[in-house]
Amino acid sequence: WLANMWISNPDEMSKLRIVFADRTPMADMKNEGSFETDDDGNGVMYINQKELQNDPVGVFMHEAGHFARQMMFTQEELMDLYGSLSEDERKQAFTEYFKKIPGKKYSSFSEQERAQIDKAYRRFTRKGLNKAAEEWFSYQFVRVLSGGQVHPTVKSDMQNWLKKYAHPFL
């Protein structure tokens with residue numbers, strides 16, 4: 001997958017750094033992967049090689065989604081897209097990301113589980129919505145790759161991007 005992205009857009013991909021380590025920079029030692037940008041705006045993908053074995057394709061697809069976002073939308077454009085979501089859509093998106101159960105509705109969780117989700121969402125968005133927006137986008141990216149339901153605000157952009165950068169190599 002990453003090799004195809006590299007072949008399709010070598011200029012952008014040359015800015016990407018991939019780090020394999022026993023953990024990501026995140027506090028959760030079992031976090032499979034994370035993505036951030038360095039001081040120059042280059043993407044840095046961290047892959048936890050210990051946890052990678054559980055879902056290697058899913059981890060790479062999700063983390064690649066962060067990099068694809070940089071190629072598709074500026075941060076301001078992403079925030080406009082995320083800002084167009086209702087609060088219920090944001091909470092639902094976070095629920096699926098946090099619980100790792102696509103399609104399971106927030107309302108279907110027990111009261112105790114919803115309290116856990118709400119607490120995690122408050123922590124996740126404590127410093128603003130940028131991180132939530134990034135994870136929402138990457139989750140949408142995996143959905144488009146896997147043939148799942150994608151939010152209409154990004155569906156056509158993602159499909160066009162895939163036609164240009166992925167389909168020629170499939």
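Okay, let's start with helix H7. Take its 17 residues at 1.5 Å a residue, and the helix should span 24 Å; the C-alpha atoms at its two ends are 24 Å apart, so the two agree. Before I go on, please keep in mind that this is a predicted model.

So, is H7 buried or exposed? Well, 12 of its 17 residues are buried, so the helix is largely enclosed by the rest of the structure. If you want to find those buried residues on your screen, they are Ala132, Ala133, Glu134, Glu135, Trp136, Phe137, Ser138, Tyr139, Gln140, Phe141, Arg143 and Val144. And what do they pack against? The neighbours are H3, H4, H5, H6 and H8. Just after H7 you hit Gly147, which has a positive phi, near 80°.

Let's pick one of those neighbours, H4. Two packed helices are described by the angle between their axes and the distance between the axes. For H4 and H7, the angle is about 80° and the axes are 10 Å apart. That makes H4 roughly perpendicular to H7. On the H4 side, the contact uses Gln75, Leu78, Met79, Leu81 and Tyr82. On the H7 side, you'll see Asn130, Ala132, Ala133, Glu134, Trp136 and Phe137. Sort the residues of this contact by type and you get 8 nonpolar, 2 polar and 1 charged.

Now let's zoom out to the largest nonpolar core, which has 37 residues. The members that touch the most other members are Met72, Tyr82, Trp136, Phe137, Val154, Met158 and Trp161. Who chips in? Strand E3 (43–48) and helices H3 (56–72), H4 (75–83), H5 (87–99), H6 (111–124), H7 (130–146) and H8 (152–165) each give at least two residues. The largest share comes from H7, with 6 residues.

Have a look at Met72 while you're there. Leaving out residues up to four places away in sequence, Met72 touches Glu77, Phe137, Phe141, Asp157, Met158 and Trp161.

One last stop, and it's a bit of an oddity. Most residues other than glycine have a negative phi. Lys100 isn't a glycine, yet its phi is positive, about 60°. Where does Lys100 sit? You'll find it in the loop between H5 and H6. Lys100 has a relative accessibility of 54%, so it counts as exposed, since the cut-off for exposed is over 50%.

That's my tour, thanks for listening!

Methods: Residues are numbered from 1 along each chain as its sequence is written. This is a predicted model: local features need pLDDT of at least 70, side-chain atom pairs count only at pLDDT 80 or more; totals for chains, interfaces and linings use all residues. Side-chain values use heavy atoms; hydrogens and water are left out. A nonpolar core is a set of buried Ala, Val, Leu, Ile, Met, Phe, Trp, Tyr and Cys residues joined through side-chain atoms within 4.5 Å. Buried means under 20% relative accessible area, exposed over 50%, partly exposed in between (1.4 Å probe, protein chains only). Helices (H or I, at least four residues) and strands (E, at least two) are DSSP runs, numbered from the N terminus. Contact means heavy atoms within 4.5 Å. Axes are lines fitted to C-alpha atoms, for helices over the stretch in contact, and angles run from 0 to 180 degrees between N-to-C directions. Angles under 35 degrees count as roughly parallel, over 145 as roughly antiparallel, 65 to 115 as roughly perpendicular and the rest as oblique. Ala, Val, Leu, Ile, Met, Phe, Trp, Tyr, Cys and Pro count as nonpolar, Asp, Glu, Lys and Arg as charged, and the others, Gly among them, as polar. The expected span of a helix is 1.5 Å times one less than its number of residues.
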